[in-house]
Every structure is written in structure tokens, then in C-alpha cells.
Amino acid sequence: MRLDVTAIGGIIFGVLALVTGFVLEGGRAGALLQGTAALIVFGGTIGATAVSFSVDELKKVPTLFRMGLTRKKFDPIVLIDQLARYADIARRQQPLALEPEIELTHDEFLSKGLQLIVDNADPTLMRQMLESDIYARYSQQKMGASIFEQAGGYAPTMGIVGTIMGLVHVLGELSGNPNDLASAIGLAFIATLYGVSSANLLWLPMATNLKNKAKHDLLMRQISLEGLLAISQGMAPSLLKDKLMTIIRPSGSPAAQDTTSHAEGDSEEKSGAQEAS
């Protein structure tokens with residue numbers, strides 16, 4: 001697992017772009033720092049989000065941040081080759097020969113599937129257990145993304161609330177120095193800036209980031225599921241690789257088009273043979 005450079009770099013670049021644009025317009029970077037506005041926006045956003053979810057779900061937020069800012073290696077081809085190697089071991093020796101591989105793999109899902117193969121579990125039961133595992137994990141990942149989505153929805157509203165509170169204070173001091181009033185009005189709108197910026201630079205992008213990683217994880221587990229079931233049925237490694245490649249091969253790729261053309265040609269030959277007979 002390594003740092004997600006695009007996620008971290010994107011957040012930093014977005015913040016720097018906003019601050020740089022403000023400075024180029026003649027503003028001072030220090031003017032964007034206001035503790036009370038940050039307290040209202042971030043405190044209000046966290047509070048509103050906490051109302052929407054249970055304590056157990058909110059405890060996962062630090063883990064979700066870590067997931068969003070790190071990235072696992074996503075390589076379906078390597079996984080397919082690994083499954084083909086397992087299939088070769090199972091065919092050349094026996095399913096029990098896969099037992100040492102259980103301790104060597106770092107993927108809990110693969111370990112669970114290999115253990116079921118070693119235990120000679122029924123394929124139908126095996127599919128049900130592994131699909132339940134996939135569904136439970138994907139549901140948890142979607143729930144994590146929804147936390148950040150909700151925060152992204154609340155943040156701009158909290159920014160408006162902070163601005164209104166600032167304007168209420170300004171309007172209560174209309175008898176003061178006009179220059180001070182103008183400065184206070186500008187500070188009041190910092191809360192809106194915090195709310196809109198945090199929603200569109202942090203909360204919502206993080207939710208999308210987690211969704212994309214959940215889809216990648218789902219694809220890898222679907223490949224693992226089909227591969228493990230094929231191994232339990234004694235499928236040949238080469239046939240297993242061809243079967244799993246159809247999961248990741250885009251329909252518009254040259255390889256897929258060649259395969260489709262070949263399949264259509266075979267169908268036409270079979271149809272012609274049937275008509276001749």
C-alpha cells in the first residue's frame with residue numbers, strides 16, 4: 001500500500017490555486033485565515049454529519065481517510081496469473097496442495113476461498129459464502145463514501161450560516177467606522193468560502209475517491225470468486241485465464257473485437273452446416 005499521490009496532490013494543488021488566485025487579485029493570504037469561521041463551518045459540518053450516522057460508523061472515519069489517501073496495487077492481470085498458478089497446482093497435484101498457499105497470500109478473500117477449496121466445500125455453498133463476503137464489504141465501502149457525501153452537502157450550508165451570523169454582527173455595529181464595517185463584511189464571507197471550498201476540494205472528492213476504490217476492489221473480488229470456483233471444478237489453467245480475461249477485457253478493445261469476430265464466424269459456420277444437413 002502506498003500514498004495516493006493524485007489524491008494528496010489534487011487537494012494541495014486545489015488549495016494553492018485558490019490562495020494564489022486570491023493573492024493575484026490583490027488580497028492577502030493571511031486574510032483567508034479566520035478561526036471563528038473555521039469553527040462554525042467545520043464544527044457544524046461534523047456535528048450535522050454525526051447526527052446522520054451511528055457511532056460505530058463514525059469510528060471508521062480515520063480509517064476511511066487513510067483509505068482515501070493511500071492506494072493498493074490494482075492489477076487484475078497479476079491476480080489472474082496467480083489464480084492460474086493455483087489452478088495448475090490443483091490439477092497437477094491435488095487441491096490439498098494449495099494449503100501452503102493460504103499462508104503465503106496477503107489477500108483475506110483469496111485465503112478464505114483457498115481454504116474452502118482445500119476443505120472440499122460444495123461449489124454452491126462456496127459461491128454463496130464468497131458472494132456474501134463481497135456484498136458485505138462493498139456495502140461497508142459505500143457507507144464510508146456516503147459519510148463524506150453527506151459532509152459535502154452540509155458544508156456549504158454551514159458556510160452560509162457562518163456568513164449570516166457574521167452579517168448579523170456587522171449590522172449590529174452600523175454606527176461604527178465605515179472602513180471597519182467593510183472589513184467585517186469581507187470576513188463574514190470567509191465562512192462561505194470555507195464551506196464551498198471544503199465541500200468541493202475535500203468531502204465530495206474523497207467520497208468519489210472511495211467509490212472508485214470500492215469498484216476496483218469489487219472487480220478484483222469478482223475475478224477471485226470466478227477463479228476460485230473454476231479451480232474447485234478442476235478447470236485447466238489456460239481455460240481459466242481465458243474465462244477471467246473476459247471480465248476485464250473492454251468490449252471495444254482489439255482483442256475483444258477479434259474474439260467477437262471469431263465467435264461470429266464459428267456461429268455462421270455452424271449455421272451453414274446445419275442448413276446443409
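The exercises below, each with a worked solution, concern the fold, the two largest pockets and a surface patch of a predicted model.

**Exercise 1. Describe the secondary structure of the protein chain and state what share of its residues is buried.**

Begin with the inventory of elements: the protein chain has twelve helices and two strands. Next, place these along the sequence, where the order reads β-α-α-α-α-β-α-α-α-α-α-α-α-α. Finally, turn to burial, for which the cut-off is under 20% relative accessible area; of the 277 residues of the protein chain, 32% count as buried.

**Exercise 2. Characterise the largest pocket by its volume, its lining and the elements that contribute to this lining.**

The first step is the volume, which comes to about 950 Å³ for the largest pocket. The second step is the lining, made up of 27 residues, among which Lys 72, Lys 73, Asp 107, Asp 217 and Met 220 are the closest to the centre of the pocket. The third step assigns the lining to elements: two or more residues each are given by α4 (61–69), β2 (70–71), α5 (76–92), α7 (108–118), α8 (123–171) and α10 (190–232). Of the contributions to this lining, that of α10 is the largest, at seven residues. The last step sorts the lining of the largest pocket by class, which yields eleven charged, ten nonpolar and six polar residues.

**Exercise 3. Carry out the same analysis for the second largest pocket, ending with the classes of its lining residues.**

For the second largest pocket, the volume is about 400 Å³. Its lining consists of 15 residues, and those nearest the centre are Val 15, Leu 18, Leu 193, Tyr 194 and Ser 197. Two elements, α1 (5–24) and α10, are the ones that give two or more residues to this lining, and the greatest contribution, six residues, is made by α10. When the lining of the second largest pocket is divided by class, 13 residues are nonpolar and two are polar, while no charged residue is present.

**Exercise 4. Identify the residues of the nonpolar surface patch that includes Ile 164, and decide whether Ile 164 is buried, partly exposed or exposed.**

Start with the members of the patch: Ile 160, Ile 164 and Val 168 form it on the surface, and together they have about 280 Å² of accessible area. Then locate Ile 164, which is found in helix α8. To classify this residue, recall that partly exposed covers the range between under 20% (buried) and over 50% (exposed); because its relative accessible area is 48%, Ile 164 is partly exposed.

Conventions
Residues are numbered from 1 along each chain as its sequence is written. This is a predicted model: local features need pLDDT of at least 70, side-chain atom pairs count only at pLDDT 80 or more; totals for chains, interfaces and linings use all residues. Side-chain values use heavy atoms; hydrogens and water are left out. On a 1 Å grid over the protein atoms alone, a cavity is a set of points where a 1.4 Å probe fits but cannot get out, and a pocket is an open set with protein on both sides within 12 Å along at least five of seven lines; lining residues have an atom within 4 Å of a point. Grid points are joined across faces, edges and corners, and a volume is the space filled by probe spheres set on the points. Helices (H or I, at least four residues) and strands (E, at least two) are DSSP runs, numbered from the N terminus. Ala, Val, Leu, Ile, Met, Phe, Trp, Tyr, Cys and Pro count as nonpolar, Asp, Glu, Lys and Arg as charged, and the others, Gly among them, as polar. Patches are made of residues with over 30% relative accessible area and no salt bridge: like charges are joined within 9 Å, nonpolar side chains (Val, Leu, Ile, Met, Phe, Trp, Tyr) within 5 Å. Accessible areas come from the Shrake-Rupley method with a 1.4 Å probe; for residues, only the protein chains shown count as cover. A salt bridge is a side-chain nitrogen of Lys or Arg within 4 Å of a carboxyl oxygen of Asp or Glu. Buried means under 20% relative accessible area, exposed over 50%, partly exposed in between (1.4 Å probe, protein chains only).
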